[in-house]
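Please find below my notes on the structure under review. They are set out as numbered points and may be read alongside the sequence and the coordinates.

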Amino acid sequence: MKNVSQYFGAIAIAASITGCASVPPPTEELALSKAAVANAVSAGAAEFAAPDLSAAQDKVAKADQMMTAKNYEAALWLAEQAHADADVAAARSRSAKANKATVAAQEDARVLREELARKSK
């Protein structure tokens, strides 16, 4: 019985090594994720979508750690997730900025209408 469990243990280790070896280092995906995070930062995500930006930054850091550990499958997954989180952060930031601009324009229009109404009396 001990030999059987050792045999299956050896197969599991070999399968995990083979599985990791079949995934190439996701350097391009990681670079794209870092660029997406930078894009989100420039879109104002720190102000308007901080949780999404933080999640993206954390996942990029973990992906870097997985690259160092040569766990390329995990690094790839984390890089893809970071990219998605960064895209969401950028989109939420742009949406929040657009909403803020809309509210400001509506307020400006209201003030102009009041001025016109006051001057026409």
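1. The exposed residues T27, E28 and S42 sit on the face of helix 2 that is turned away from its buried side. The model under discussion is a predicted one. On the other side of the account, L30, S33, A36, V37 and A40 are the buried residues of helix 2. These five lie on the same side of helix 2, because they cover an arc of only 115° around the axis. A general rule is useful here: an α-helix has 3.6 residues a turn, so residues three or four places apart point the same way.

2. Helix 2 comprises residues 27–42, which is 16 residues. From its first C-alpha to its last it reaches 23 Å, close to the 22 Å expected at 1.5 Å a residue. Against which elements do the buried residues of helix 2 pack? They pack against helix 3 (45–48), helix 4 and helix 5. Just after helix 2, G44 takes a positive phi of about 95°.

3. The overall architecture may now be stated. The protein chain has five helices and zero strands, and its elements run α-α-α-α-α from the N terminus on. Of its 121 residues, 22% count as buried. Among contacts with a separation of 6 or more, 75% are between residues 24 or more positions apart. The chain exposes about 8,200 Å², and carbon and sulfur atoms supply 61% of this area.

4. The nonpolar core deserves attention. In soluble globular proteins, nonpolar side chains tend to be buried together. In this model the largest nonpolar core has 21 residues, and those with the most contacts inside it are L30, V37, A40, A45, L53, A86 and A89. Helix 2, helix 4 and helix 5 each supply at least two residues of this core. Helix 5 gives the most, with eight residues.

5. Two residues show how parts of the chain meet. Leaving aside neighbours within four places in sequence, A45 is in contact with A40, A50, L53, A89 and S93. S93 lies in helix 5 and counts as buried, at 0% relative accessibility. Not counting residues up to four places away in sequence, S93 touches A43, G44, A45, F48 and A49. G44 in this list is the residue with the positive phi just after helix 2.

6. How many salt bridges does a search of the whole structure find? The search finds five. As general background, side chains of opposite charge can pair when their charged atoms come close. The next three points consider particular examples.

7. R92 forms a salt bridge with D52, and their closest N and O atoms are 2.7 Å apart. R92 lies in helix 5 (residues 72–119) and D52 in helix 4 (residues 50–68), so the pair ties together parts that are 40 residues apart in sequence. Are the two partners buried or exposed? R92 counts as partly exposed, because its relative accessibility is 49%. D52, by contrast, counts as buried, with a relative accessibility of 16%.

8. A salt bridge also joins the side chains of D85 and K59, at 2.8 Å from N to O. This pair links distant parts of the chain, since D85 is in helix 5 and K59 in helix 4, 26 residues apart. D85 is buried, with a relative accessible area of 15%. K59 is partly exposed, at 21% relative accessibility. The cut-off matters for the reading of these values: buried means under 20% relative accessible area.

9. R110 and E114 form a salt bridge in which the closest N and O atoms are 2.3 Å apart. Both residues lie in helix 5, four residues apart, about one turn of the helix. R110 is partly exposed, with a relative accessible area of 32%, and E114 is partly exposed too, at 44%. What links E107, R110 and E114? These residues are linked in a network of salt bridges.

10. A final remark concerns K62, which is found in helix 4. K62 counts as partly exposed, at 45% relative accessibility. The C-alpha atoms of K62 and A75 are separated by 7.5 Å, and the two residues are 13 residues apart along the chain.

How values were computed. Residues numbered from 1 in each chain as written. Predicted model: local features only at pLDDT ≥ 70, side-chain atom pairs only at ≥ 80, totals over all residues. Heavy atoms only, no water. Salt bridge = Lys/Arg side-chain N within 4 Å of Asp/Glu carboxyl O. Buried < 20%, exposed > 50% of the residue type's maximum accessible area, 1.4 Å probe, protein only. Expected span 1.5 Å × (residues − 1). Arc of directions from axis to C-beta. Contact = heavy atoms within 4.5 Å. Areas by Shrake-Rupley, 256 points an atom, 1.4 Å probe, with all protein chains shown as cover. Core = buried A, V, L, I, M, F, W, Y, C linked by side-chain atoms within 4.5 Å.
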